[in-house]
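Here are some short exercises to work through with a structure viewer open. Try each task yourself before you read the solution below it.

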Amino acid sequence: MKSFAWGITTLASVLVAGAAVAKDLSRSAQQKSGAIFDEDYPLSAVRNREEGTSVVMFTILPNGRTTHCKISASSGSNALDLKTCELIATRFEYDPARNSKGQAIEEVKTQRVTWRIPSQAPILEPSVFETILIVEGSGRVSDCGNTRNGQPFKSDETDFVCRNAAEVGFAPMPDGKRRRVVARSSTEITIIE
């Protein structure tokens, strides 16, 4: 899957526009690393078609790491706002601000991150499907149900699995006792144009 770094161009003007709040500030902090990629878009926000601009404030420590990220203005999506702070806290690193003596000091910055659903976004969150069968000691399937991510789930495909298991059955259980049998599969679907 092709990805594009938002940090290089789209966010460049945003980073420069950060508001510095530090005493005796001689030089503002300069970003050394960190970017936001298409793959970072929260799946719940894709599914809900959520887009918007998150405005956050965070502190750059004298060691160049970020901390105390807070939402100043919401994008309208809790998922996008939380992801913005998460990525800034875990990925972004700075050459810290300096005072007039050249010492590294804390600085508070404001940053805007505009989220637009990428063209190659996943259309469904990854799912775990389970077919749960009750198999009698004789091997006959007496009950069958399906779940998706732990919730009851019904579709033509899952009905087919149950019908097929009931028709084919299982070998008799060695001890003749009834058993619960679970078959699991997982899936992730992505549109690639």
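Keep in mind throughout that this is a predicted model.

**Exercise 1. Two residues with unusual backbone angles**

Task: Decide whether H68 is buried or exposed, then find where R49 lies and describe the phi of each residue.

Solution:
- Step 1. H68 has a relative accessible area of 55%. Exposed means over 50%, so H68 is exposed.
- Step 2. Look at the backbone of H68: phi is positive, about 55°, although the residue is not a glycine. H68 sits in strand β4, residues 66-73.
- Step 3. Turn to R49, in the loop between α2 and β3. Its phi is also positive, about 55°, and R49 is not a glycine either.
- Step 4. R49 counts as exposed, at 60% relative accessibility.
- Step 5. Why pick out such angles? Because most residues other than glycine have a negative phi.

**Exercise 2. The disulfides**

Task: Find how many disulfides there are, and for each one work out its handedness and the elements it links.

Solution:
- Step 1. The count comes to 2 disulfides.
- Step 2. One of them joins C69 to C85, with an S to S distance of 2.1 Å. The torsion about this S-S bond is about -75°, so the disulfide is left-handed. It links distant parts of the chain, with C69 in strand β4 and C85 in helix α3, 16 residues apart.
- Step 3. Check the accessibility of this pair. C69 is partly exposed at 23%, whereas C85 is buried at 13%.
- Step 4. C144 and C162 form a disulfide too, with sulfur atoms 1.9 Å apart. Here the torsion is about -70°, so this disulfide is left-handed. C144 belongs to strand β10 and C162 to helix α4 (residues 156-168), so the pair ties together parts that are 18 residues apart in sequence.
- Step 5. C144 is partly exposed at 22% relative accessibility, while C162 is buried at 14%.
- Step 6. With bonded cysteines counted along the chain, the pattern is 1-2, 3-4.

**Exercise 3. Strand pairing**

Task: Give the order of the open sheet that has 3 strands and say which strands stand at its edges. Then describe how β9 and β10 pair.

Solution:
- Step 1. The order is β1-β6-β7, with antiparallel pairing.
- Step 2. β1 (25-27) and β7 (104-105) are the edge strands; each has a single partner strand, so one side of each lacks a neighbour in the sheet.
- Step 3. Between β6 (residues 97-99) and β7 there are 2 bridges. R98 has A104 in β7 as its bridge partner.
- Step 4. β9 (residues 127-135) pairs with β10 (residues 141-148) in the antiparallel sense over 7 bridges. I132 has G145 in β10 as its bridge partner.
- Step 5. The two strands β9 and β10 form a hairpin with 5 residues between them, and G139 in the turn has a positive phi of about 100°.
- Step 6. β9 is mostly covered, with 7 of its 9 residues buried.

**Exercise 4. The nonpolar cores**

Task: Find how many residues the largest nonpolar core has, and which element gives the most to it.

Solution:
- Step 1. The largest nonpolar core has 19 residues; I36, Y41, F58, Y94 and W115 have the most contacts inside it.
- Step 2. Two or more residues come from each of α2 (43-47), β3 (52-60), α3 (78-91) and β8 (107-115).
- Step 3. α3 gives the most, with 4 residues.
- Step 4. Apart from this core lies another, of 5 residues, including L133, V135, A165 and M173.

Conventions: Residues numbered from 1 in each chain as written. Predicted model: local features only at pLDDT ≥ 70, side-chain atom pairs only at ≥ 80, totals over all residues. Heavy atoms only, no water. Core = buried A, V, L, I, M, F, W, Y, C linked by side-chain atoms within 4.5 Å. Buried < 20%, exposed > 50% of the residue type's maximum accessible area, 1.4 Å probe, protein only. Pairing = 2+ DSSP bridges. Disulfide = S-S within 2.5 Å.
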